[in-house]
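Okay, thanks for coming, everyone. I've got one structure to walk through today, so let me put it up and then we'll go from the ligands outwards.

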Amino acid sequence: MSTTSTFSSACFDRSCLWKGEVKSLRLNKQRSGNRVYVGGRCAALSPKSFRVWNSKQEQDKEVRVALLGASGYTGAEIIRLLANHPFFGISVMTADRNAGKSIESVFPHFISHKDLPVLVSTNDADFSDVDAVFCCLPHGTTQEIIKGLPKRLKVVDLSADFRLRNITEYEQWYGQPHRAPDLQEEAVYGLTEVLRDEIKNARLVANPGCYPTSIQLPLIPLIKANLIESGNIIIDAKSGVSGAGRGAKVGNLYTELTEGIMSYGLTNHRHVPEIEQGLSDAAHSKITVSFTPHLMPMSRGMQSTIYVEMAPGTTIEDLYHQLKNSYEDEEFVKILDKGVVPRTHAVRGSNYCYINVFPDRISGRAIIVSVIDNLMKGASGQALQNLNIMMGFPENTGLTYLPLFP
Ligand SMILES: NC(=O)C1=CN([C@@H]2O[C@H](COP(=O)(O)OP(=O)(O)OC[C@H]3O[C@@H](n4cnc5c(N)ncnc54)[C@H](OP(=O)(O)O)[C@@H]3O)[C@@H](O)[C@H]2O)C=CC1
Ligand SMILES: CC(=O)N[C@@H](CCC(=O)OP(=O)(O)O)C(=O)O
C-alpha cells in the first residue's frame, strides 16, 4: 500500500484548494495517507510547483490512477505524461522484480519526482483510493489481474490480453487459455480515432498494439470507402527495440542489434489476427494480410510501409483525399502534404501518426507510409487519449507534446 503522496493532483482533498489560494505551501507540511496537509490546508506535492486549479469544478475532476507495471517502458512513459496532466495523479504503482523500490532507483530520470509512490507488488496494491487503472503488464499476466480489480474502476489495458474478440482465436495465437472470457465480452478495442464513441462508455479498454495502430489507421478509411482491393495487402513494418519491453533478452543486446536489421515473426506474428480483426470489421468481410515486422537499431519509433492494390478506376489522388478527409478533424493523425515522406524522427516523443501515400511504379498499386512512436501513439499516448475520453476530459489533455526532433 502506498503511504507517500503523489506528485500530482491525486493527493488533493477535493475541497481544499484552487487558484488564488496558493501561499507558502511548503511550510508546515504534514502527511496523512495519500494527502499532504500544509498549514491546515491540503496541497499537491510537486517537486517544482504545486498543482493549481482554475476553479473548484476543475479540482473536483481529479482522477486517482493506479499504474500497474510502472517499472517498464510503457509505465515510465505514462509517468512522463501524467507529470503534465492537470487532472490525473498517480496514487499506486506496481512492479514485479522491482517491487519495494522507489521509482527513481529504477529510472534515475525521475529523480525530480521523489513524491511518487513506492513500487509495490500487484498483490500488495491497495485500490481503495483509486479511480482508474493503466495496466502495463506483459500479455498473458493481465487477464487474472484485471479480473481481480474492483468493478468500479475504469481500466485501460496496454497488453494484448483483451484485444481479440474471438476467444478461440486468442487461445490459438497466444497458446494459453483465456482466463477472463466474461471481461472479454465487455472490452472495447481502443483504436481511438475509429472507436471513439464506444470508448466513451467503456469500463475496460483493450489498447491496440503498436504495429496494429500504425497499420489500421491508414487502411481502415480506405477499406471503408472501397478504394483498395482487400485481398492483396502487404505490410513491411519496422520497430524500435523499446517495443520489446525492458526485460533483459539476448536478442535485444546492443551487440545483437547495432549495425543491422532483422525480420522476425515471419508469417506468424501475434499481431496478425489483431490487424485482420480491425480491417475485416471495416470491410464487413474477412481480410487477410501479409505482415512482416523488423527490429531496427533505434530505441523508439515505428514505420509501416504498406503495399496495396487500388480498386478499379481508383487513383492515388482518390486515396490521398480519402485519408485527408477522414482525418481532417483529428488532432493526432496527420496526412502529410503530397510527396512528403513520413519519418519516425518526426513523431518521436509525440502522440502523432503521420501518413502519406505514393504511387507505385507498377500501375494500380499504391505505397502507404505510416509512422508513430511505439511508446506514444503505439502504447502509452493512445492509452492516455482513451482514459481522457473515458473520464470525460478533452482527449488531448496531457498529450500536446510536439515531436522531439532530431
Ligand atoms: N513497449 C511497447 O512499445 C509496447 C508495449 N505494449 C504492451 O504493453 C505492456 C507493457 O509493455 P512494456 O512496458 O514494454 O513491458 P516491460 O517489460 O518494459 O515492463 C513490464 C512491467 O510489468 C511488470 N511485470 C512483469 N512480469 C510481471 C508479472 N508476472 N506480474 C506483475 N507484473 C509483472 C514489470 O515489473 P519488473 O520491472 O519489476 O519486473 C514491469 O513493470 C505489454 O503487454 C506490451 O506487450 C503495447 C504496445 C507497445
Ligand atoms: C519490437 C517488439 O518486440 N515488438 C513487440 C510488439 C510490441 C507491441 O505492440 O505490443 P503488444 O505486445 O502489446 O502487442 C513484438 O513484436 O511482440
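Let's start with ligand 1. Domain 1, residues 9–205, and domain 2, residues 211–378, both give residues to its shell, so ligand 1 lies between them. Bear in mind throughout that this is a predicted model.

So what surrounds ligand 1? There are 30 residues around it, and the closest are Gly69, Gly72, Ser159, Gly245 and Arg246. By class, that shell splits into 10 nonpolar, 17 polar and 3 charged residues. And which helix gives the most to the shell around ligand 1? That's α2, with 3 residues. Helix α12, at 376–390, also supplies at least two residues of that shell.

Now over to ligand 2. Here again domain 1 and domain 2 both contribute to the shell, so ligand 2 lies between them as well. The residues around ligand 2 are His139, Ser159, Ala160, Gly209, Cys210, Tyr211, Ser239, Gly243, Ala244, His271, Pro293 and Leu295. You'll recognise Ser159, which was among the closest residues to ligand 1. The shell around ligand 2 has 6 nonpolar and 6 polar residues, with no charged ones. In terms of elements, helix α8, 210–224, and strand β13, 289–295, each supply at least two of its residues.

Okay, the two domains themselves. The chain is divided into domain 1 and domain 2, and 14 residues of domain 1 are in contact with 16 residues of domain 2. On the domain 1 side, α2 (73–82), α5 (167–174) and α7 (192–200) each put in at least two residues. So α2 turns up here too, having already appeared in the shell around ligand 1. That side of domain 1 is made up of 7 nonpolar, 2 polar and 5 charged residues.

Last stop, the core. In soluble globular proteins, nonpolar side chains tend to be buried together. In this model the largest nonpolar core has 93 residues, and it draws at least three from each of the two domains. Which residues have the most contacts inside it? Those are Val65, Leu67, Leu68, Ile78, Phe134 and Cys135.

Let me zoom in on one of them, Leu68. Leaving out residues up to four places away in sequence, Leu68 touches Thr94, Thr122, Val133, Phe134, Cys135, Cys136, Leu137 and Ile145. Two of its partners, Phe134 and Cys135, are on that list of most-connected core residues themselves.

That's my tour. Happy to rotate the model if anyone wants another look.

Terms used: Residues are numbered from 1 along each chain as its sequence is written. Chains are lettered from A and ligands numbered from 1 in the order in which they are written. This is a predicted model: local features need pLDDT of at least 70, side-chain atom pairs count only at pLDDT 80 or more; totals for chains, interfaces and linings use all residues. Domain bounds come from an automatic or database domain assignment. Two residues are in contact if their C-beta atoms, placed from the backbone, lie within 7 Å. Helices (H or I, at least four residues) and strands (E, at least two) are DSSP runs, numbered from the N terminus. Ala, Val, Leu, Ile, Met, Phe, Trp, Tyr, Cys and Pro count as nonpolar, Asp, Glu, Lys and Arg as charged, and the others, Gly among them, as polar. A residue is near a molecule or strand if its C-beta atom, placed from the backbone, lies within 6 Å of it. A nonpolar core is a set of buried Ala, Val, Leu, Ile, Met, Phe, Trp, Tyr and Cys residues joined through C-beta atoms within 7 Å. A residue is buried if 20 or more other C-beta atoms lie within 10 Å of its own, exposed if 12 or fewer, and partly exposed in between; C-beta atoms are placed from the backbone.
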